[in-house]
Amino acid sequence: MTRYFRPFVALLAGASIAAMAAVAAQAEEGKLRIAEQFGVVYLLLNVAKDQQLIEKHGKEQGVDIDVEFLQLSGGAAVNDALLSGSIDVAAAGVGPMFTIWDRTRGGQAVKAVASLGNFPNYLISNRPEVKTIADLTDRDRIALPAVGVSVQARILQFAAAKEWGEDQFDRLDEITVALPHPEATAAIISGGTEITGHFANPPFQEQELAQNPDAHVILSSYDVLGGPASSTLLYATEDFYQDSPKTYQALLGALEEAAAFVDAHPEEAADIYLKVTGAKTDRKLLLDVITSDEVTFKVQPENTLGLGQFLHRVGAIRTEPTQLSDYFFADPRVQAGS
């Protein structure tokens, strides 16, 4: 079953972690509620859902798993749902993961579980005169999933710090607005709205480039991060990791099988995405994304530490991550990541 939640104001800013922990549901073996968002970056979850891979791997672990997928938009909403006990596993960008990891240390102790793969995020502008972020002005409004905390917002801050210095890392925050990817894509393609930019993810960024001749890339996350990098992670509380070991192992096993399936059967994976999400994405465009040299489907994280260290340097998180094990739960399938 899939539910649809509207984004809501982040509780992290105004409520204590202790209060939320008190109402969080007890982790339970054989029960798994996963929050996902929009885009091909969640393809491994789409495949796992369609082929019931989590249930399959659960049976191999000797447990029947009741799996529920919930649709959310924005890292703030996902984090709120995890802390309130509405979900067991969150799927969101690296930025929101570092935020919740930092703020729950000593409490619910949230850490990452796995990557969903390497995907570039493109900052698209539909104003021809805007060539780089240095050309952005107060005439621009950049749509992204969540202001300040989404992975797109954090990468934009990282790019601003490289352009103008780390004391001005949040220089572009004032021209960003929270908008789900489908709505932002429609705005960029149609033009004529206040939205002139969109820090997107696949396949939305490719749709914009294909359907609006004025749409063009002014920034790639790979350029900011220094190469291919995990854009989206799964993460959970320590209670889930400790109290539901068989469910945890079934989830990781399912993701690994889904990644192998996508690599071996990209056309079938594209059809699954269209079926599960109901998206109207052009199939050829979707297949081009899935088979792109820039995209890799795997559970092992890559190139995540640098963003966390940047967030610490500018005061966005209090704790500096120094190695992967600081913010990832231990598992041989992810421990060699970066």
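The following conversation goes through the domains, spaces and some local features of a predicted model.

User: To start, how is the protein divided?
Analyst: The protein in this predicted model is divided into domain 1, which covers 31–119 + 229–326, and domain 2, which covers 122–225. Domain 1 is therefore written as two stretches of the chain, following the domain assignment.

User: How far apart are the centres of domain 1 and domain 2?
Analyst: Taken over C-alpha atoms, the two centres are separated by 23 Å.

User: And how many residues are in contact between them?
Analyst: On the domain 1 side there are 31 residues in contact with 25 residues of domain 2. Together the two domains bury about 2300 Å² between them, and 67% of that area is on carbon and sulfur atoms.

User: How many salt bridges are found across that interface?
Analyst: The rule finds one salt bridge across the interface of domain 1 and domain 2.

User: Which residue forms a salt bridge with Glu166?
Analyst: The partner of Glu166 is Arg313, and their closest N and O atoms are 2.9 Å apart. In general, side chains of opposite charge can pair when their charged atoms come close.

User: How many salt bridges does the count come to?
Analyst: The count comes to 14 salt bridges. One of them joins the side chains of Lys275 and Asp50, with 2.7 Å from N to O. This pair links distant parts of the chain, since Lys275 belongs to helix α12 and Asp50 to helix α2, 225 residues apart.

User: Changing topic: what volume does the largest pocket have?
Analyst: Its volume is about 360 Å³. The pocket is lined by 20 residues, and those closest to its centre are Phe38, Gln71, Tyr273, Thr277 and Ala279.

User: Which elements supply at least two residues of that lining?
Analyst: They are β1 (2–4), α2 (43–50), α8 (204–211) and α12 (266–277). The largest share, three residues, comes from α12. Helix α12 also holds Lys275 of the salt bridge discussed above.

User: What does the pocket lining have by class?
Analyst: It has nine nonpolar, eight polar and three charged residues. As for domains, at least three residues of the lining are drawn from each of domain 1 and domain 2.

User: How about closed spaces? How many cavities of 30 Å³ or more does the count give?
Analyst: The count gives two cavities of 30 Å³ or more. The largest cavity has a volume of about 140 Å³. Its lining consists of 18 residues, of which Gln37, Tyr42, Pro145, Gln152 and His181 are the closest to the centre.

User: Which elements give at least two residues to the lining of the largest cavity?
Analyst: Strand β4 (89–93) and helix α6 (151–164) each do so. By class, this lining divides into six nonpolar and twelve polar residues, with no charged residues.

User: Where does the largest cavity lie, and why?
Analyst: It lies between domain 1 and domain 2, because both domains give residues to its lining.

User: And the second largest cavity, how much space lies in it?
Analyst: About 60 Å³ of space lies in the second largest cavity. Of its 14 lining residues, Ile155, Leu225, Ala229, Ser230 and Ser231 are the closest to the centre. The elements that give two or more residues are α6 and α9 (221–225). Helix α9 gives the most, with three residues.

User: What about its classes and its place?
Analyst: The lining has eight nonpolar, six polar and no charged residues. This cavity also lies between domain 1 and domain 2, because both give residues to the lining.

User: Last topic, the backbone. Which residues are joined by a cis peptide bond?
Analyst: Pro202 and Pro203 are joined by a cis peptide bond, with omega about 0°. Pro203 is placed in the loop between β9 (197–199) and α8.

User: And which residue other than glycine has a positive phi?
Analyst: Ala109 has a phi near 50°, which is a positive value. Its place is in the loop between α5 (94–103) and β5 (111–115).

User: Why point these out?
Analyst: They are pointed out because most residues other than glycine have a negative phi, and most peptide bonds are trans.

Technical notes: Residues are numbered from 1 along each chain as its sequence is written. This is a predicted model: local features need pLDDT of at least 70, side-chain atom pairs count only at pLDDT 80 or more; totals for chains, interfaces and linings use all residues. Side-chain values use heavy atoms; hydrogens and water are left out. On a 1 Å grid over the protein atoms alone, a cavity is a set of points where a 1.4 Å probe fits but cannot get out, and a pocket is an open set with protein on both sides within 12 Å along at least five of seven lines; lining residues have an atom within 4 Å of a point. Grid points are joined across faces, edges and corners, and a volume is the space filled by probe spheres set on the points. Helices (H or I, at least four residues) and strands (E, at least two) are DSSP runs, numbered from the N terminus. Ala, Val, Leu, Ile, Met, Phe, Trp, Tyr, Cys and Pro count as nonpolar, Asp, Glu, Lys and Arg as charged, and the others, Gly among them, as polar. Contact means heavy atoms within 4.5 Å. Buried area is the accessible area (1.4 Å probe) that two parts lose on being put together, summed over both. A salt bridge is a side-chain nitrogen of Lys or Arg within 4 Å of a carboxyl oxygen of Asp or Glu.
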